[in-house]
Amino acid sequence: MDGNSYLIPANSKKSMLILGFFTGVDLMIFCFGIGISLFLLMFWKNDSLYVTLLLASPAMLAALLVAPVPNYHNVRTLIGNMNRFMTGRKKYYWRGWCVRNGNK
């Protein structure tokens, strides 16, 4: 190997993440969802399993948003990319080979 070629490991970006997985925004979303659920569970009278699941739904939603998916960082990134693709302006470039400058 000469001096100008470097081997970059596949997980080099993981060192930039908190605990190797979370970004700052991910941690804020997760902690906010957990906090709201804990607050609701402490101060709301819950008599049934359905009410308990409803009160815990912010934590479950936050956990779902920061869950990893293949080829993307997490579900939140996947949803953002899908939204950007569906609502963004699409440009299609034509480099045709059958007609050149209007002449056949």
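## Where two helices meet

In this predicted model, helix 1 brings I29, F30, G33, I34, I36 and S37 up against S57, P58, A59, A62, A63 and L65 of helix 3. Sort the residues of this contact by character and you get nine nonpolar, three polar and no charged.

So how do you describe a pair like this? Two packed helices are described by the angle between their axes and the distance between the axes. Here, the axes of helix 1 (residues 24–43) and helix 3 come within 7 Å, and they cross at roughly 165°. An angle over 145 degrees counts as roughly antiparallel, so helix 1 is roughly antiparallel to helix 3. There's a handedness to it as well: the crossing of helix 1 past helix 3 is left-handed.

## A closer look at A62

Let's pick one residue from the helix 3 side. A62 sits in helix 3, which covers residues 57–65. Is A62 buried or exposed? Its relative accessibility is 4%, and since buried means under 20%, A62 counts as buried.

Which residues does A62 touch, once you set aside its neighbours within four places in sequence? They are I29, F30 and G33, and these three are among the helix 1 residues that meet helix 3. You can also compare sequence and space for A62 and M28: they are 34 residues apart along the sequence, while their C-alpha atoms are 9.6 Å apart.

## F32, out in the open

Now hop over to helix 1, where you'll find F32. This residue has a relative accessibility of 59%. Exposed means over 50%, so F32 counts as exposed.

F32 has a distant partner to check too. Between F32 and P58 there are 26 positions of sequence separation, and the C-alpha to C-alpha distance is 8.5 Å. P58 is one of the helix 3 residues that meet helix 1.

## The whole chain

Time to zoom out. The chain has four helices and zero strands, so reading along the sequence gives you the pattern α-α-α-α. Of the 104 residues in the chain, 11% are buried, and A62 is one of the residues that count as buried.

What about the surface and the contacts? The accessible surface of the chain comes to about 9,500 Å², and 67% of that belongs to carbon and sulfur atoms. Finally, take the contacts in the chain with a separation of 6 or more: 42% of them are between residues 24 or more positions apart.

Conventions. Residues numbered from 1 in each chain as written. Predicted model: local features only at pLDDT ≥ 70, side-chain atom pairs only at ≥ 80, totals over all residues. Heavy atoms only, no water. Buried < 20%, exposed > 50% of the residue type's maximum accessible area, 1.4 Å probe, protein only. Contact = heavy atoms within 4.5 Å. Areas by Shrake-Rupley, 256 points an atom, 1.4 Å probe, with all protein chains shown as cover. Axes fitted to C-alpha atoms, helices over the stretch in contact; angles between N-to-C directions. Parallel < 35°, antiparallel > 145°, perpendicular 65-115°, else oblique. Left-handed = near helix turned anticlockwise from the far one by under 90°. Nonpolar A, V, L, I, M, F, W, Y, C, P; charged D, E, K, R; others polar.
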